[in-house]
Amino acid sequence: MDYPFYVTWSKQKDLELIDIKSVSGAIITTKDGKDIFDMSSISYQAHFGHNHPIIIKNIIEQLNTVPMSSPKANFPNKIETTLKLLNYMKKEDGKIFYTTSGAESVENALKIARDITKKKIILARQNSYHGATLGALTVTGDWRNPAHQTPQDWVLRIPEPDFPKALELTREIILKNNPDKIAAIIIETITGGNGVYFGSDDWWKGIRSICNEFNILLILDEVVCGFERTGKPFGYMHHSLDPDIVCLAKGISGGMIPFGAVWTSKKISEYYSKNILCCGLTNYAHPLGIAALKGVLEIVNNLDFKENLNQLELIFREELSKFKSHRSVLEVRSIGLLAAIDLDKTIDAKYFIKNGIYLISQNNRIILAPPLILNVEQLKLAMNKIFKTIEDNS
Ligand SMILES: Cc1ncc(COP(=O)(O)O)c(C=O)c1O
């Protein structure tokens with residue numbers, strides 16, 4: 001069908017979109033009455049299902065008090081929720097800059113890094129995704145970058161953590177290109193949509209020490225792995241990392257309001273007490289985004305939620321181990337409720353939908369990021385359906 005609007009990252013001709021009639025928890029019901037189970041939190045943002053009552057309640061309350069954005073004003077919830085976010089991040093010494101998406105978080109992080117250091121070049125991984133705006137796309141290392149002729153002199157690619165001598169090579173790249181020109185390194189703490197890859201403690205230690213040695217800021221992109229996705233509130237908590245800047249979005253509002261945030265260190269916030277922060281948005285710290293975040297923080301701090309999530313992580317690991325021995329499965333990588341299953345061929349997402357499962361399938365890989373609010377039976381049932389679809393298409 002030809003739609004009067006564009007569909008993202010697609011050739012536009014003859015597309016067939018899912019026609020959503022209603023949503024409930026992790027279940028999408030289509031116009032023709034079919035129930036589809038969401039096993040990728042749509043695009044990794046529906047952490048709390050599609051209509052979590054606590055987030056809805058908070059948004060409605062805000063709609064009835066101060067619903068309009070006003071970047072330079074304070075309003076009920078703005079200070080309290082920001083303090084709660086800093087506390088949840090265990091980063092009370094820094095400050096938050098709010099945005100409306102992951103790409104905008106990355107965009108502002110890059111601007112701040114370049115402003116603070118007065119340097120221009122950003123280091124980024126070979127295999128990475130950071131968003132679709134020009135700056136974020138420039139640091140992105142995947143098929144989506146080249147078509148847009150992004151400014152290649154802004155970015156240098158560093159090797160993936162498992163590449164032989166990755167740290168030594170990274171250091172060589174910096175020295176060769178003049179450390180006085182390199183502002184920051186941006187890394188997805190745990191690579192999300194491009195395959196669920198993570199660096200070892202040693203690699204991270206090496207990256208931090210390279211940053212310190214050459215006065216390069218460490219920007220962590222936690223857009224996918226933040227807000228409990230990987231078994232901890234944030235990816236950096238797996239390695240006790242000490243970033244200068246952290247980018248957030250997606251789970252920050254459970255996808256119900258376009259929202260994002262950038263955390264910056266105390267040193268950076270002190271710089272801006274005497275220098276102009278040259279960043280801004282009409283919808284900065286939008287009250288509805290703040291309200292959704294307030295709801296999210298209520299959910300993630302709830303003991304029943306945490307207990308259920310621990311159970312889900314355990315079952316997810318168990319279920320994934322069954323896939324490892326399947327003849328069509330090359331490799332499984334997982335952490336928390338995020339997993340990549342590499343297959344010996346591509347299985348189009350439509351075959352999973354036929355079996356009642358929505359997930360992200362790209363090339364010969366499927367990515368699973370189920371909503372964090374499922375119950376154990378739902379998770380087992382969904383994993384069985386995924387297994388069966390792989391079996392049917394082997
Ligand atoms: C790691 C990462 N960073 C940034 C982004 C960009 O987020 P948004 O699409 O909200 O702009 C994404 C989106 O998928 C992402 O996966």
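**Two sheets, a pocket and a few loop residues**

E4 and E10 pair in the antiparallel sense over 5 bridges; pairing here takes at least two bridges found by DSSP between two strands. Helices and strands are simply DSSP runs, numbered from the N terminus (H or I over at least four residues for a helix, E over at least two for a strand). The model is a predicted one, so to speak of local features a pLDDT of at least 70 is needed, side-chain atom pairs count only at pLDDT 80 or more, and totals for chains, interfaces and linings use all residues. Residues are numbered from 1 along each chain as its sequence is written, and side-chain values use heavy atoms, with hydrogens and water left out.

Back to the strands. Within the E4–E10 pair, Phe97 stands opposite Val262 of E10. Val262 is also the bridge partner of Cys247, and E9 is joined to E10 by 4 bridges, again antiparallel. These pairs belong to an open sheet of 7 strands with mixed pairing, in the order E4-E10-E9-E8-E7-E5-E6. E4 and strand E6 (155-158) are the edge strands, each pairing on one side only. From one strand to the next, the twist averages 20 degrees; axes for such angles are lines fitted to C-alpha atoms, for helices over the stretch in contact, and angles run from 0 to 180 degrees between N-to-C directions.

Edge strand or not, E4 is largely enclosed by the rest of the structure, because 4 of its 5 residues are buried (under 20% relative accessible area, with exposed meaning over 50% and partly exposed in between, for a 1.4 Å probe and protein chains only). Helix H8 lies across E4, strand E8 (217-221), E9 and E10, and runs at about 90 degrees to E10; contact is taken as heavy atoms within 4.5 Å.

E4 and H8 turn up again at the second largest pocket, which has a volume of about 440 Å³. The pocket search works on a 1 Å grid over the protein atoms alone: a pocket is an open set of points with protein on both sides within 12 Å along at least five of seven lines, whereas a cavity is a set where a 1.4 Å probe fits but cannot get out, and lining residues have an atom within 4 Å of a point. Grid points are joined across faces, edges and corners, and the volume is the space filled by probe spheres set on the points. Of the 17 lining residues, Lys95, Ile96, Phe97, Leu277 and Tyr284 are the closest to the centre of the second largest pocket. Two or more lining residues come from each of helix H3 (78-89), strand E4 (95-99) and helix H8 (266-274), with H3 giving the largest share at 5 residues. By type, the lining splits into 11 nonpolar, 4 polar and 2 charged residues (Ala, Val, Leu, Ile, Met, Phe, Trp, Tyr, Cys and Pro count as nonpolar, Asp, Glu, Lys and Arg as charged, and the others, Gly among them, as polar).

The loops hold a couple of backbone oddities. Most residues other than glycine have a negative phi. Lys90, in the loop between H3 and E4, has a positive phi of about 55 degrees without being a glycine, and counts as exposed at 65% relative accessibility. Lys250 likewise has a positive phi, near 45 degrees; this residue sits in the loop between strand E9 (245-248) and strand E10 (260-264) and is partly exposed at 26%. The E9–E10 loop also holds Ile257, which counts as buried at 15% relative accessibility. Beyond its neighbours within four places in sequence, Ile257 is in contact with Ile59, Leu288, Gly289 and Ala292.

The other sheet is open too, with 4 strands in the order E11-E12-E15-E14 and antiparallel pairing. Strands E11 (329-335) and E14 (360-362) stand at its edges with a single partner strand each, so one side of each has no neighbour in the sheet. Neighbouring strands are turned by 15 degrees against each other on average, direction ignored. E11 and strand E12 (residues 338-343) are joined by 6 bridges and run antiparallel, with Ile341 of E12 as the bridge partner of Val332. Helix H10 (residues 303-324) packs on this sheet, touching E11, E12 and strand E15 (365-368), and its direction makes about 165 degrees with that of E11.

H10 contains Lys306, partly exposed at 34% relative accessibility. Leaving aside neighbours within four places in sequence, Lys306 is in contact with Val300 and Asn301.
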